[in-house]
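This report looks at one strand with its partners and at one patch on the surface. Please keep the structure in view while reading.

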Amino acid sequence: MSDNINRERRRFFGSAAMTLAAAQLSLSATALAETAKPAKSAVTIKPGANTAFASLKQIDAGLLNVGYAEAGPADGPPVILLHGWPYDIYSFVDVAPLLAAAGHRVIIPYLRGYGSTRLLSDATMRNGQPAAIATDVIELMDALKIEKATLAGFDWGARTANIVAALWPERVKAMVSVSGYLIGSQQAGKMPLPPKAELQWWYQFYFATERGREGYDKYRRDFSRLIWQLASPQWHFDDATFERSAAAFDNPDHVAIVIHNYRWRLGLAEGEAKYDAYEARLAQAPVIIVPTITMEGDANGAPHPQPSAYAAKFSGRYAHRTIKGGIGHNLPQEAPKAFADAILDVATAS
């Protein structure tokens, strides 16, 4: 795509809250294109304006007892927001009110190994492989009796949304994915990268060692704060913001699941056979057919592909938005309005 096209797409700001109905999108086979300038949302929000969720719940779903935040009307169109590492549900604390005000039922689960989510059995493998985490989302939807939802996420959450959309497209109305297409495989993880790119993955190699596992366990708060700073170099979060999320890393399974995730990617740890068929399909890098908006912050310091590298992996209605203003890896928390607008636009147009 040319820079001019990208600039035009970034001018598109979806309506939110009560003015949502004013936005109209014309959908082609490959893009979400603007046909009329939408009205701006009547709801504005300053990042960090909210510090808590009104409702925190627990539910048994598959292998887990899942902790999750919920907002909005119970009968509203469902949206599931998925966080990454090392983050938690508070990445969406300012996004949820915007979606709820627009009439959506918002579900924000702690992924396995985070917050109040617990594996139900001590005998269950502390498995962090991507297919297992994606299966958790399907089982949560089943437990909540949600047949179909819009999924949105970043980091592990974006990868999880991608996998669910690829394997179970009938369960996904639409998707917002920060950093685009993130489906990988163990085979792909074995491919060497140029040295500069390998340097960005320093923590993955650290986690491959026993020293790295022990170091992350001992210094998980210091480690996570460092990742936040490197991944979002222009995000000036305060101690209170960090501590709200850091509490989620005290989960007793957190370290085991994080370490397994990164070792699995490098082929240094085995997964579970019950996910082999899923992983085989994902290793083919399947095209995603559900309507999608991909997003990127202009100051993302974490490893991420360029939009041009993954645009062809979305065969349905598709658009990309680059969010300016020093926005880093934790895009929903750094730019909640832009993230919520993308969800409202893609969900309404689908």
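## Terms and model

Helices, which are DSSP runs of H or I with at least four residues, are numbered from the N terminus. The model discussed here is predicted.

## A nonpolar patch on the surface

Helix α7 spans residues 202–207, and Trp202 lies in this helix. Together with Leu226 and Leu230, Trp202 forms a nonpolar patch on the surface. The accessible area of these three residues together is about 240 Å².

Trp202 has a relative accessibility of 31% and therefore counts as partly exposed. The range for this class lies between the limit for buried, under 20%, and the limit for exposed, over 50%.

## An enclosed strand

Strand β5 covers residues 78–82, and 5 of its 5 residues are buried, so the strand is largely enclosed by the rest of the structure. In a regular strand, side chains alternate between the two faces of the sheet. Both faces of β5 are covered. On one side, Pro78, Ile80 and Leu82 are buried, and on the other side Val79 and Leu81 are buried as well.

## Partners of the strand

Strand β6 (residues 105–109) runs parallel to β5, and 3 bridges join the two. In this pairing, Pro78 stands opposite Arg105 of β6. Between the two strands, the chain passes through helix α2 (residues 95–101), and this β-α-β crossover is right-handed.

Strand β8 (residues 149–153) is also parallel to β5 and is joined to it by 4 bridges. Here Ile80 stands opposite Leu151 in β8.

Technical notes:
Residues are numbered from 1 along each chain as its sequence is written. This is a predicted model: local features need pLDDT of at least 70, side-chain atom pairs count only at pLDDT 80 or more; totals for chains, interfaces and linings use all residues. Side-chain values use heavy atoms; hydrogens and water are left out. Buried means under 20% relative accessible area, exposed over 50%, partly exposed in between (1.4 Å probe, protein chains only). Two strands pair if DSSP finds at least two bridges between them. A crossover is right-handed if, with the strands pointing away from the viewer, the path from the first strand over the helix to the second runs clockwise. Patches are made of residues with over 30% relative accessible area and no salt bridge: like charges are joined within 9 Å, nonpolar side chains (Val, Leu, Ile, Met, Phe, Trp, Tyr) within 5 Å. Accessible areas come from the Shrake-Rupley method with a 1.4 Å probe; for residues, only the protein chains shown count as cover. A salt bridge is a side-chain nitrogen of Lys or Arg within 4 Å of a carboxyl oxygen of Asp or Glu.
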